[in-house]
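Here is a guided walk through one protein model. Keep the sequence and the 3D view side by side as you read.

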Amino acid sequence: MSRNNIAIARGMRGLTRAALAEKLGVSLSQIGNWELGIRSPGPKNVVELAQALNVDEAWIAGHPTHIPVPDLIDKTVLSLPVIRSEEIDGYGTLYTALSDDVNPIAVIIGDGLTLVTRDWEGKQPYCAEDIADVDWLAPDGSPCVMMDGLPRAGWWV
């Protein structure tokens, strides 16, 4: 269990320890103990934490899935842990991944194509409804075109 994951997810959701404790029906000290690594949440608590914070259970438990994310500046591919994922019907999957250097970043993977947001330090879409609110780039760094509320690149256009 990665103790910082609870604090990171709580911060991303804008929740205080007290608000999370109330949402889960646990004590404030229990949240503090989990975040400080004094105690670990049990399996039931991991599920409840993931649901309350809208993140993947595996990430909260400290065993995240990793996805390949192209770093268009350094021209490398990073292996980043997935905080959460959401299927977009008939399109692909929207991932929120965590980089050591920046805030959580959004990535879309579908049909062998990986799209990243233009500004990794700016506002990131946390759910499919927010995809159209940011600029997306194709793996070669070219801008995507928005069609039907979804970014399109390369042969998708």
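Does N54 count as buried, partly exposed or exposed? The model is a predicted one, and in it the relative accessibility of N54 is 30%. Buried means under 20%, and exposed means over 50%. N54 therefore counts as partly exposed. Find N54 in the loop between α4 and α5. Its backbone is worth a look too. N54 is not a glycine, yet its phi is positive, about 55°. This residue follows directly on α4.

Now step back into α4 itself. This helix covers residues 43-53. Its buried residues are N45, V46, L49, A50, A52 and L53. Look down the helix axis. The buried residues of α4 fall within an arc of 165°, so they line one face of the helix. The face turned away from that buried side carries the exposed residues P43, K44 and Q51. Some background helps here. An α-helix has 3.6 residues a turn, so residues three or four places apart point the same way.

Move on to α2, residues 17-24. Here the buried residues are L20, A21 and L24. Seen down the axis of α2, they fall within an arc of 100°, so they too line one face of their helix. After α2 comes G25, with a positive phi near 75°.

What do these helices build together? In soluble globular proteins, nonpolar side chains tend to be buried together. In this model, the largest nonpolar core has 20 residues. Those with the most contacts inside it are L20, L24, L49, L53, V55 and I60. The elements that give two or more residues to this core are α1 (3-13), α2, α3 (28-36), α4 and α5 (57-60). The biggest share comes from α4, which gives five residues.

Take L49 as an example. Which residues does L49 touch, leaving aside its neighbours within four places in sequence? The list is I6, L20, L24, W34, P41 and I60.

There is a second core as well. It is separate, has 14 residues, and includes I108, V134, W136 and C144.

Turn to the strands next. Strands of a sheet pair through backbone hydrogen bonds, either parallel or antiparallel. This model has an open sheet of six strands, in the order β1-β2-β3-β4-β5-β6, with antiparallel pairing. The edge strands are β1 (66-71) and β6 (136-137), and each of them pairs on one side only.

Walk across the sheet from β1. Six bridges join β1 to β2, residues 76-88, and the two run antiparallel. Across this pairing, V69 stands opposite L78, and P70 stands opposite V77. The two strands form a hairpin with four residues between them. One residue in that turn is K75, which is not a glycine but has a positive phi near 60°. Is K75 buried or exposed? Its relative accessibility is 68%, so K75 counts as exposed.

The next step takes you from β2 to β3. These strands are also joined by six bridges and run antiparallel. E87 faces T93 in β3. Here the hairpin has three residues between its strands, and G90 in the turn has a positive phi of about 70°.

Continue to β4. Five bridges join β3, residues 92-97, to β4, residues 105-110, again antiparallel. Y95 sits opposite V107 in β4.

Now stop at T114, in strand β5, residues 113-117. At 13% relative accessibility, T114 counts as buried. What surrounds T114, beyond its neighbours within four places in sequence? It is in contact with P68, P70, V107, I108, I109, L137, A138 and P139. You have already met P70 opposite V77, V107 opposite Y95, and I108 in the second core.

One last stop concerns rings. How many aromatic pairs does the structure hold? The count is zero. A ring can still have a charged partner, though. R84 lies over the face of Y126, at 4.8 Å from the ring centre.

How values were computed
Residues numbered from 1 in each chain as written. Predicted model: local features only at pLDDT ≥ 70, side-chain atom pairs only at ≥ 80, totals over all residues. Heavy atoms only, no water. Core = buried A, V, L, I, M, F, W, Y, C linked by side-chain atoms within 4.5 Å. Buried < 20%, exposed > 50% of the residue type's maximum accessible area, 1.4 Å probe, protein only. Contact = heavy atoms within 4.5 Å. Pairing = 2+ DSSP bridges. Phe/Tyr/Trp six-rings, centres within 6.5 Å; stacked < 30°, edge-to-face > 60°. Lys NZ or Arg CZ within 6 Å of the ring centre and 35° of its normal. Arc of directions from axis to C-beta.
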